[in-house]
Amino acid sequence: MTALPSHVQELADRVATGHGVEVLELTLRGQGRGRVLNVVLDAEEPVEADVVEQVSKDLSRALDQADPVPGSYTLEVSTPGLSRPLHTARDFRRQRGHEVSIIRDRTPGAPSIQEGEVGRTGKAGAAQEAASPSVQGLVVDVDDEAVVLDVDGDPVRVPLSEVVRGKVVLPW
């Protein structure tokens, strides 16, 4: 991956913001004529295809005018799709009402809830589930410190600091 001048990020951010979306990721990969400038867009709601197309056209024009990336490259503008990784409170907020799977970091010495203890959820069963290394459920609440899942009718609070990887569980 090639380092990009900060001006490229600023251009992409300005164009994306003008269309009500944001740049989630910006990378330049490859070498020579095979280089690809990849821009991944995101928003609170799903990003429509016509918005991706318009951002692509406007960003292409802006990049051609400013010429911040020397040499030739192909511009690709996309969205993260359903396979997007979930890490932050914002990522999980966008998934309220959807089923997710979370792999947790349960390193030795990390605080955990022991079997039979009642955790922050107030239910012994949910507290036991919260101590396992992975959990799957419906996102019901998110704050800056944790995501709360509905797991078989019980709320399970997973601290964001323990999330190694989260992903949306596809319905098929």
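This report describes the nonpolar cores, a β-sheet, two loop residues and the salt bridges of a predicted model.

## The nonpolar cores

The largest nonpolar core holds 23 residues, and Val21, Val39, Leu41 and Leu59 touch the most other members. Two or more residues are given to this core by each of the helices α1 (6-18) and α2 (49-66) and by each of the strands β1 (22-29), β2 (36-42) and β3 (74-78). Helix α2 supplies the largest share, six residues.

Valine 39 illustrates the surroundings of one of these core residues. When residues up to four places away in sequence are not counted, valine 39 touches Val23, Glu25, Leu26, Leu59, Leu75, Glu76, Val77 and Ser78.

Apart from the largest core lies another core of 16 residues, which includes Phe92, Ile102, Val135 and Val142. Phenylalanine 92 is found in helix α3, which covers residues 89-93. Phenylalanine 92 counts as buried because its relative accessibility is 0%, the limit for burial being under 20%. Leaving aside neighbours within four places in sequence, phenylalanine 92 is in contact with Leu86, His87, Val100, Ile102, Val139, Val142, Val147, Leu160, Val163 and Gly166. The chain also brings phenylalanine 92 and aspartate 143 to a C-alpha to C-alpha distance of 9.3 Å, although 51 residues separate them in sequence.

## The five-stranded sheet

An open sheet of five strands has the order β7-β6-β5-β4-β8, and its pairing is antiparallel. Strands β7 (154-159) and β8 (163-168) stand at the edges; each has a single partner strand, and therefore one side of each is left without a neighbour in the sheet. On average, neighbouring strands of this sheet are turned by 45 degrees against each other, direction ignored.

In general, the strands of a sheet pair through backbone hydrogen bonds, in either a parallel or an antiparallel manner. Here, strand β6 (residues 146-151) pairs with β7 in the antiparallel sense over six bridges. Within this part of the sheet, valine 151 stands opposite aspartate 154 in β7.

## Two loop residues with positive phi

Aspartate 152 lies in the loop between β6 and β7. Its phi is near 50 degrees, a positive value in a residue other than glycine. Aspartate 152 has a relative accessible area of 80% and is therefore exposed, the threshold for that class being over 50%.

Aspartate 67 lies in the loop between α2 and β3. Aspartate 67 is not a glycine, yet has a positive phi of about 50 degrees. With a relative accessible area of 54%, aspartate 67 is exposed.

## Salt bridges

The count of salt bridges comes to nine. Three of the pairs are set out below, with the N to O distance for each.

| Residue pair | N to O distance |
|---|---|
| Glutamate 22 and arginine 90 | 2.0 Å |
| Lysine 57 and glutamate 53 | 3.2 Å |
| Arginine 157 and aspartate 143 | 3.3 Å |

The pair of glutamate 22 and arginine 90 links distant parts of the chain, with glutamate 22 in strand β1 and arginine 90 in helix α3, 68 residues apart. Glutamate 22 counts as partly exposed at 28% relative accessibility, and arginine 90 is partly exposed with a relative accessible area of 29%. Both residues belong to a network in which salt bridges that share partners join Glu22, Asp42, Arg90 and Arg94.

The pair of lysine 57 and glutamate 53 is placed within helix α2, where the two residues are four apart and so are separated by about one helical turn. Lysine 57 counts as partly exposed at 41% relative accessibility, and glutamate 53 is partly exposed at 44%.

The pair of arginine 157 and aspartate 143 again links distant parts of the chain, 14 residues apart: arginine 157 is in strand β7, and aspartate 143 is in the loop between β5 (134-142) and β6. Arginine 157 counts as buried at 18% relative accessibility, whereas aspartate 143 is partly exposed with a relative accessible area of 28%.

Key
Residues are numbered from 1 along each chain as its sequence is written. This is a predicted model: local features need pLDDT of at least 70, side-chain atom pairs count only at pLDDT 80 or more; totals for chains, interfaces and linings use all residues. Side-chain values use heavy atoms; hydrogens and water are left out. A nonpolar core is a set of buried Ala, Val, Leu, Ile, Met, Phe, Trp, Tyr and Cys residues joined through side-chain atoms within 4.5 Å. Buried means under 20% relative accessible area, exposed over 50%, partly exposed in between (1.4 Å probe, protein chains only). Contact means heavy atoms within 4.5 Å. Two strands pair if DSSP finds at least two bridges between them. Axes are lines fitted to C-alpha atoms, for helices over the stretch in contact, and angles run from 0 to 180 degrees between N-to-C directions. A salt bridge is a side-chain nitrogen of Lys or Arg within 4 Å of a carboxyl oxygen of Asp or Glu.
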